Amino acid sequence: MIIFKKVVALHQFITSLKQQNKTIGFVPTMGALHQGHLSLIDACKKACDVTVCSIFVNPTQFNDPKDFEKYPITLEQDMLLLTQHEMDILFLPSVNEIYPAGVHTLPHYNLGALENILEGKYRPGHFQGVCQVVDRLLNIVQPDKLFLGRKDYQQCMVINKLIELKQLPIALSIQPTLREEDGLAMSSRNMRLTAAGRKKAVVLYRTLLFIKENAFKKGIPVLIEEAKAKLLASGFEKIDYITVADANTLQEIKALGASANAVVLAAAFLDGVRLIDNLSLSA
Ligand code: AMP
């Protein structure tokens, strides 16, 4: 595995790979790697000649400074996992490398309705930060294919929009959510849960399953209220949202037609840790 910390050196190396007609696949991460990240890397390795993974905890996408400070960092373990996975290139930039002119004069992206609903409503500015870092990383890495996890459903839609806005020649590949044995979606944030919290955390997934199983039998608003009560009764402290939405626009749906292409999405706090998950409601 070759490790690059400097933008110029990586950019030059990638340019030489492209001159040799190698296809470049890219998996951006914030580190604290788990099997979910590794599944993206495996998919990338299968599809591309060269796989680039980045680890960068992007300060501009954290609306809550405490969340940024507490974000888990396990760099040594990450590098071990990446070496075991025969990663080709690891990009480990500093904040200065990514934002050489500072973080106060960064571009603004017109993300339309996507920006202020669900995650965007509860994390103002989050998706601007995501676009700032992904735009910069895509510029440096120049991938042919970009691999993202469906676990961050709205983020996938936002990055798809970014690719459209900038008319980038990049194919987006969205990979399924990897789950722990009990069903909890793998996440770097799970390691901040207490042992008791970890046991309760699976209720988020079970609650989404409950909605999926009943979505065509009961009214959506009633189901959502039942789901919220379940989460709070099991120890979740606060629910930002549980919403059934159109899978293409993320606009809220209150009643499902037989042909609806819908997704249920949720964000809730447990042990002070904000967990998110989603499930498709189509068969
Ligand atoms: P993060 O390090 O949390 O920014 O995630 C980096 C990438 O890994 C994003 O595209 C995430 O959607 C993806 N990812 C995170 N958790 C999972 C998971 N459980 N299954 C599949 N992909 C995931």
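Thr 29 is buried, with just 7% relative accessible area. Keep in mind that this is a predicted model. Thr 29 sits in strand S2, and S2 is one of the elements that put at least two residues into the shell around the ligand. So that's where we'll start, because Thr 29 at 7% falls under the 20% cut-off for buried; the ligand and helix H8 come after.

**Thr 29 and its surroundings**
- The Thr 29 side chain makes it to the backbone nitrogen of Gly 31, at 3.0 Å.
- That side chain also reaches the backbone oxygen of Ser 54, at 2.8 Å.
- Leaving out residues up to four places away in sequence, Thr 29 touches His 37, Cys 53, Ser 54, Ile 55 and Phe 56.
- One of those contacts, His 37, also turns up among the closest residues to the ligand.

**Who surrounds the ligand**
- The ligand has 16 residues around it, with Met 30, His 37, Asp 152, Leu 178 and Met 186 the closest.
- By type, the shell splits into 8 nonpolar, 6 polar and 2 charged residues.
- Strand S2 (24–29), helix H2 (35–47) and strand S5 (145–149) each chip in at least two shell residues.
- H2 gives the largest share of the shell, with 3 residues.

**Polar contacts to the ligand**
- Met 30 uses a polar backbone atom, 2.9 Å from an oxygen atom of the ligand.
- His 37 works through its side chain instead: a polar atom there lies 2.9 Å from a ligand oxygen.
- Met 186 brings a backbone N or O atom to 2.9 Å from a nitrogen atom of the ligand.
- On its own the ligand has 490 Å² of accessible area, and the protein covers 93% of that.

**Helix H8**
- H8 runs over residues 153–165, which makes 13 residues.
- From first C-alpha to last, H8 reaches 19 Å, close to the 18 Å expected at 1.5 Å a residue.
- The buried residues of H8 are Tyr 153, Gln 154, Gln 155, Cys 156, Met 157, Val 158, Ile 159, Leu 162 and Ile 163.
- Those buried residues pack against helices H6 (119–122) and H7 (126–141), plus strands S5, S6 (171–175), S8 (262–270) and S9 (273–280).
- S5 is a shared element here: H8 packs against it with buried residues, and S5 also supplies at least two residues of the ligand shell.
- After H8 comes Gln 167, which has a positive phi, near 50°.

Definitions and conventions. Residues numbered from 1 in each chain as written. Predicted model: local features only at pLDDT ≥ 70, side-chain atom pairs only at ≥ 80, totals over all residues. Heavy atoms only, no water. Near = heavy atom within 4 Å. Polar contact = N/O pair within 3.5 Å; in protein donor to acceptor, adjacent residues only side chain to side chain. Areas by Shrake-Rupley, 256 points an atom, 1.4 Å probe, with all protein chains shown as cover. Helix = DSSP H or I, 4+ residues; strand = E, 2+ residues; numbered from the N terminus. Nonpolar A, V, L, I, M, F, W, Y, C, P; charged D, E, K, R; others polar. Expected span 1.5 Å × (residues − 1). Buried < 20%, exposed > 50% of the residue type's maximum accessible area, 1.4 Å probe, protein only. Contact = heavy atoms within 4.5 Å.
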